[in-house]
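User: I would like to go through this model step by step. Please explain how each answer is reached.

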Amino acid sequence: MAHTHLYPPIREAVAQIQRKKRDARRFPDHAMLIADGLQDKIGVECTRIDFLAALGEMVELGIIETGRTVNDTYVRMGEA
């Protein structure tokens, strides 16, 4: 099941977090799933399962990139 309705708010939230971190000269500037409260910042009500599914779909499409840290998951805009 495609979760395309979540793509724009996720993309905007990630971009906004990255912009704020760059403006504050905080690097790395990627959005953190837990530390930055990414799911809460998208402004759309959805389950954690749907949110993570949307992230996975966006990774497959090259819209975003994700990776693991010791305690969290980072998300940043894709290079595509």
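The questions below cover the sheet, the core and one polar residue of this predicted model.

User: Which strands stand at the edges of the sheet, each with a single partner strand?

Analyst: The open sheet has 3 strands in the order β1-β3-β2, with antiparallel pairing. One side of each edge strand is left without a neighbour in the sheet, because each has a single partner strand; these strands are β1 (31-32) and β2 (64-68).

User: Over how many bridges do β2 and β3 pair?

Analyst: Strand β3 covers residues 73-77. Within this pairing, Ile-64 stands opposite Met-77 in β3. β2 and β3 pair in the antiparallel sense, and the number of bridges is 5.

User: Which helix gives the most residues to the largest nonpolar core?

Analyst: The largest nonpolar core has 17 residues, and Ile-10 and Phe-51 are among those that touch the most other members. At least two residues of this core come from each of α1 and α3 (48-61). With 5 residues, the helix that gives the most is α1.

User: Is Gln-39 buried or exposed?

Analyst: Gln-39 lies in helix α2, residues 38-41. Its relative accessible area is 15%. A residue counts as buried under 20%, so Gln-39 is buried.

User: With which residue does the side chain of Gln-39 make a polar contact of 3.0 Å?

Analyst: Leaving aside its neighbours within four places in sequence, Gln-39 is in contact with Cys-46, Thr-47, Arg-48 and Phe-51. The polar contact of 3.0 Å joins the side chain of Gln-39 to that of Arg-48.

Note on methods: Residues are numbered from 1 along each chain as its sequence is written. This is a predicted model: local features need pLDDT of at least 70, side-chain atom pairs count only at pLDDT 80 or more; totals for chains, interfaces and linings use all residues. Side-chain values use heavy atoms; hydrogens and water are left out. Helices (H or I, at least four residues) and strands (E, at least two) are DSSP runs, numbered from the N terminus. Buried means under 20% relative accessible area, exposed over 50%, partly exposed in between (1.4 Å probe, protein chains only). A polar contact is a pair of N or O atoms within 3.5 Å; within protein, one must be able to donate a hydrogen and the other to accept it, and residues adjacent in sequence count only if both atoms are side-chain atoms. Contact means heavy atoms within 4.5 Å. Two strands pair if DSSP finds at least two bridges between them. A nonpolar core is a set of buried Ala, Val, Leu, Ile, Met, Phe, Trp, Tyr and Cys residues joined through side-chain atoms within 4.5 Å.
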